[in-house]
Amino acid sequence: MSETDGIRTRLDGTLGRIRLDRPKALNALTLPMVRRLEEVLAEWRKRDLTAVLIDSTDARAFCAGGDIRAIRENTLAARYAESEEFFATEYRVNATLAAYPHPVVALIDGVCMGGGLGLSVHGPFRVVTDAAVFAMPETGIGFFPDIGASHFLPRLPGAIGMYLGLTGHRVGAAEALEVGLATHYSPAEKAGQIPELLRERGERSVDEVLRQVAGAPDRPSELAAHRGEIDHCFGAASLAEIRGRLAASATPWARDTLATVDRMSPASLAVTFDLLTRGRERSLAECLDAELRAGRVVTRSADFVEGVRAVLVDKDKSPRWASEYTSDKGVRG
């Protein structure tokens, strides 16, 4: 057993166990945490493992994302290299999980946002319980969906990825299964069997093992009722056209969604739209590289400093964006 800076790791027979253990911060990732993740994944590559399981010690959250408050503090103190190292290390972990030689299983029981998706969605198996909640809420804090989101969001069905990336809309277990963010569902009372089943799986496939604890989510998908509107509005060719289509619709969903979009940082929406539209034709490595370049600029912006202040520091939920919509160029910062 190793316990280092919010990460617990151990070899349980032939099962590698990685447990996120920073409960007071809902497992928000720090630089020491992503460093340890990179180290342990490198250590286990050549071992004869049946699987690697990533989960949390706290049922409230799998991982609430990166420690964005710390990134903001780095910006205010001009410690740009520290933020650069965090993102570069985190993205290397994301890429490692996507090509890992052992099956990686993420057990998501609780909140999974931002960096939490980076630790789960790139692996081949993502098991959710009814408590699972997925979101990429970065446009509301003056940032953008990163951790390879510009690769996996455009590959979701229809315009779902653009919708989730721009609005930060939260989805539950049923929606995550529907769109492919999750691969398997397990009732919470059966999820505790997963480590032993993986350790003892023998010649059985991981999929076969996970089907032993499978079930159906308690709540149906809510996305299905709005798929037509989502695909129409968020499949538009520009941000301005997305807003125009939402404004032209008379439905309560469209009005609420437009209000949500208009609360987000205009600059963040523009960066997100550009990354997602280009990401469909990029490899994961290319997407992560583009996100790293974008992060160098965005984390030094006024909108980022203000957005994190409003949502995570002072928590007044009233950011005053430095960027704004314009009729000619779309966004001015």
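Which residues is Ile18 in contact with, leaving aside its neighbours within four places in sequence? In this predicted model, the partners of Ile18 fall into several stretches of the chain: Ile7, Arg8 and Thr9; Leu37, Val40, Leu41 and Trp44; and Val52, Leu53, Ile54 and Asp55. Ile18 also belongs to the largest nonpolar core, which has 82 residues. Together with Phe62, Phe134, Leu181, Phe234 and Leu246, Ile18 is among the residues that touch the most other members of that core. The element that gives the most to this core is helix α1, residues 31-44, with seven residues. Apart from this core lies another one, of 15 residues, including Phe125, Val209, Leu210 and Val213. As a general matter, nonpolar side chains tend to be buried together in soluble globular proteins.

Phe234, named above as a core residue, leads to a pair of packed helices. Two packed helices are described by the angle between their axes and the distance between the axes. For helix α11 (residues 227-234) and helix α13 (residues 252-263), the angle is about 45 degrees and the axes are 11 Å apart. Angles under 35 degrees count as roughly parallel and those of 65 to 115 as roughly perpendicular, so α11 is oblique to α13. The crossing of these two helices is right-handed. On the α11 side, the contact is made by Glu229, Ile230, Cys233 and Phe234, and on the α13 side by Trp253, Ala254, Thr257 and Val261. By character, the residues of this contact divide into six nonpolar, one polar and one charged.

Thr257 deserves a separate description. This residue lies in helix α13, and because its relative accessibility is 6%, Thr257 counts as buried. Not counting residues up to four places away in sequence, Thr257 touches Tyr163, Thr167, Phe234 and Leu246. Of these partners, Phe234 belongs to the α11 side of the helix contact, while both Phe234 and Leu246 are listed among the residues of the largest nonpolar core that touch the most other members.

Another buried residue is Glu175, in helix α7, residues 173-179. Its relative accessible area is 9%, and Glu175 is therefore buried. Leaving aside neighbours within four places in sequence, Glu175 is in contact with Pro220, Ser221, Glu222 and Leu223. Computed along the chain, Glu175 and Met162 are 13 residues apart, and their C-alpha atoms are 15 Å apart in space.The backbone and the loops complete the picture. Asn27 has a positive phi of about 65 degrees although it is not a glycine. The residue is placed in the loop between β3 (15-20) and α1, and because its relative accessibility is 0%, Asn27 counts as buried. Lys317, also a residue other than glycine, has a positive phi near 60 degrees. Lys317 is found in the loop between α16 (302-313) and β11 (324-326). Is Lys317 buried or exposed? With a relative accessibility of 56%, Lys317 counts as exposed, since the cut-off for that class is over 50%.

Gly13 lies in the loop between β2 (7-12) and β3. At 58% relative accessibility, Gly13 counts as exposed. Gly13 and Thr50 are 37 residues apart in sequence, and the distance between them in space, C-alpha to C-alpha, is 9.1 Å.

Technical notes. Residues numbered from 1 in each chain as written. Predicted model: local features only at pLDDT ≥ 70, side-chain atom pairs only at ≥ 80, totals over all residues. Heavy atoms only, no water. Core = buried A, V, L, I, M, F, W, Y, C linked by side-chain atoms within 4.5 Å. Buried < 20%, exposed > 50% of the residue type's maximum accessible area, 1.4 Å probe, protein only. Helix = DSSP H or I, 4+ residues; strand = E, 2+ residues; numbered from the N terminus. Contact = heavy atoms within 4.5 Å. Axes fitted to C-alpha atoms, helices over the stretch in contact; angles between N-to-C directions. Parallel < 35°, antiparallel > 145°, perpendicular 65-115°, else oblique. Left-handed = near helix turned anticlockwise from the far one by under 90°. Nonpolar A, V, L, I, M, F, W, Y, C, P; charged D, E, K, R; others polar.
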